[in-house]
Amino acid sequence: MSGTAGSAADGTARTTVRSVIALGSNLGASSDTLVLAVADLVETENVRLHAVSPVVRTKPVGGPEQPDYLNMVIEVETDLGPYDLLAHCQAVEEKHHRRRTVRWGPRTLDVDIITYGSWTSADEVLTVPHPRAASRAFVLQPWAWMDSAARLHGRPVAELAAEADDLAGLVPFEGV
Ligand SMILES: Nc1ncnc2c1ncn2[C@@H]1O[C@H](COP(=O)(O)OP(=O)(O)OP(=O)(O)O)[C@@H](O)[C@H]1O
Ligand SMILES: Nc1nc2c(c(=O)[nH]1)N=C(CO)CN2
């Protein structure tokens, strides 16, 4: 795992890592849900907000016929290990009434870990970088707008976004 060593309040060594997290919603009051979910994610002192992307409206990729999504990404600095960060993200999904029914089906809130420092994992419980992020404009484009220097799998995220099939269905979200 990569990161810079820090020091916890109890004096124990701690590792601080930057992580990119993607959020999506296409059920309920999606715009409000995204704002509240970001606040929930950084409510703990172990997860601090570093950067926020614009919100985009996107056509659904995969799954059944369903409403358009609102998507965004954030970058956080965290002292949580990767599996604790996943549990934290899933707790925030639960708080916003996420139900897992249909694969790629509509949801009030989806929170995915896209990167966790330079740490990689092929575990199906937590695959990092997220296995489908490199082909998803709904992740890549807001990420590129948030951080123009961002790279994924060694390539500029803006370049990956330009190649993604779903880019044509993405527009900046201007409000309700
Ligand atoms: N990087 C990751 N971020 C979030 N969940 C992950 C990640 N890698 C693996 N998972 C696992 O994926 C499982 C299914 O997640 P979820 O229901 O959010 O999938 P999905 O959003 O429908 O599809 P997709 O994974 O294509 O975005 C979770 O229970 C989690 O353990
Ligand atoms: N536009 C869009 N499409 C999706 C999304 C999403 O967040 N936005 N999430 C999915 C499963 O994670 C599947 N398809």
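This is a guided tour of the structure above, stop by stop, for use with a viewer.

**Before you start**

The model is predicted, so to speak of local features here takes a pLDDT of at least 70, side-chain atom pairs count only at pLDDT 80 or more, and totals for chains, interfaces and linings use all residues. Residues are numbered from 1 along each chain as its sequence is written, while chains are lettered from A and ligands numbered from 1 in the order in which they are written.

**The whole chain**

Show the protein chain as a cartoon and you have 4 helices and 11 strands. Those are DSSP runs, numbered from the N terminus: H or I over at least four residues for helices, E over at least two for strands. Of the 176 residues, 35% count as buried. Buried here is 20 or more other C-beta atoms within 10 Å of a residue's own, exposed is 12 or fewer, and partly exposed is in between, with C-beta atoms placed from the backbone. Residues 24 or more positions apart make up 66% of the contacts with a separation of 6 or more; a contact is two C-beta atoms, placed from the backbone, within 7 Å.

**Helix 1**

Select residues 30-41. At 1.5 Å a residue, these 12 residues should span 16 Å, and the end C-alpha atoms are indeed 16 Å apart. (The expected span is 1.5 Å times one less than the number of residues.) Now colour Ser30, Thr33, Leu34, Ala37 and Leu41, the buried residues of helix 1. Look down the axis: the buried residues of helix 1 fall within an arc of 100°, so they line one face. That arc is taken over the directions from the helix axis to the C-beta atoms. The general background is that an α-helix has 3.6 residues a turn, so residues three or four places apart point the same way. On the other side of helix 1, pick out Asp32 and Ala39, which are exposed.

**Strand 5 and its partners**

Next, select residues 69-78. This is strand 5, mostly covered, with 7 of its 10 residues buried. Add strand 3 (residues 47-52), which pairs with strand 5 in the antiparallel sense over 5 bridges; strands pair if DSSP finds at least two bridges between them. To find the register, look for Ala51 opposite Glu75 in strand 5. Then add strand 4 (residues 56-58), joined to strand 5 by 3 bridges and also antiparallel. There, Arg57 has Leu70 of strand 5 as its bridge partner.

**The two ligands**

Centre on ligand 1. There are 13 residues around ligand 1, and Asp112, Ile113, Val125, Thr127 and His130 come nearest; "around" takes a C-beta atom, placed from the backbone, within 6 Å. Strand 6 (110-116) and strand 8 (127-128) each supply at least two residues of this shell, and strand 6 gives the most, with 3. By class, the shell of ligand 1 has 6 nonpolar, 2 polar and 5 charged residues. Nonpolar covers Ala, Val, Leu, Ile, Met, Phe, Trp, Tyr, Cys and Pro, charged covers Asp, Glu, Lys and Arg, and polar covers the others, Gly among them.

Move to ligand 2. The residues surrounding ligand 2 include Gly24, Lys59, Tyr69, Trp104, Asp110 and Phe138. The shell of ligand 2 has 5 nonpolar, 5 polar and 2 charged residues.

**Pro129 and His153**

Select Pro129, in the loop between strand 8 and helix 3 (137-146). The peptide bond between Val128 and Pro129 is cis, with omega about -5°. Pro129 counts as partly exposed because there are 18 C-beta neighbours inside 10 Å. Leaving aside neighbours within four places in sequence, Pro129 is in contact with Ile114, Thr115, Thr120 and Leu152.

Where does His153 lie? His153 is in the loop between strand 9 (151-152) and strand 10 (155-156). From Pro129, His153 is 24 residues away in sequence but 8.4 Å in space, C-alpha to C-alpha. His153 has a positive phi of about 50° although it is not a glycine. For context, most residues other than glycine have a negative phi, and most peptide bonds are trans. With 9 C-beta neighbours inside 10 Å, His153 counts as exposed.

**Arg136 and helix 3**

For the last stop, select Arg136, in the loop between strand 8 and helix 3. Arg136 is buried, with 26 other C-beta atoms within 10 Å. Beyond residues up to four places away in sequence, Arg136 touches Val61, Ala164 and Asp166. Helix 3 has 8 of its 10 residues buried, so it is largely enclosed by the rest of the structure; among them are Phe138, Leu140 and Trp143.
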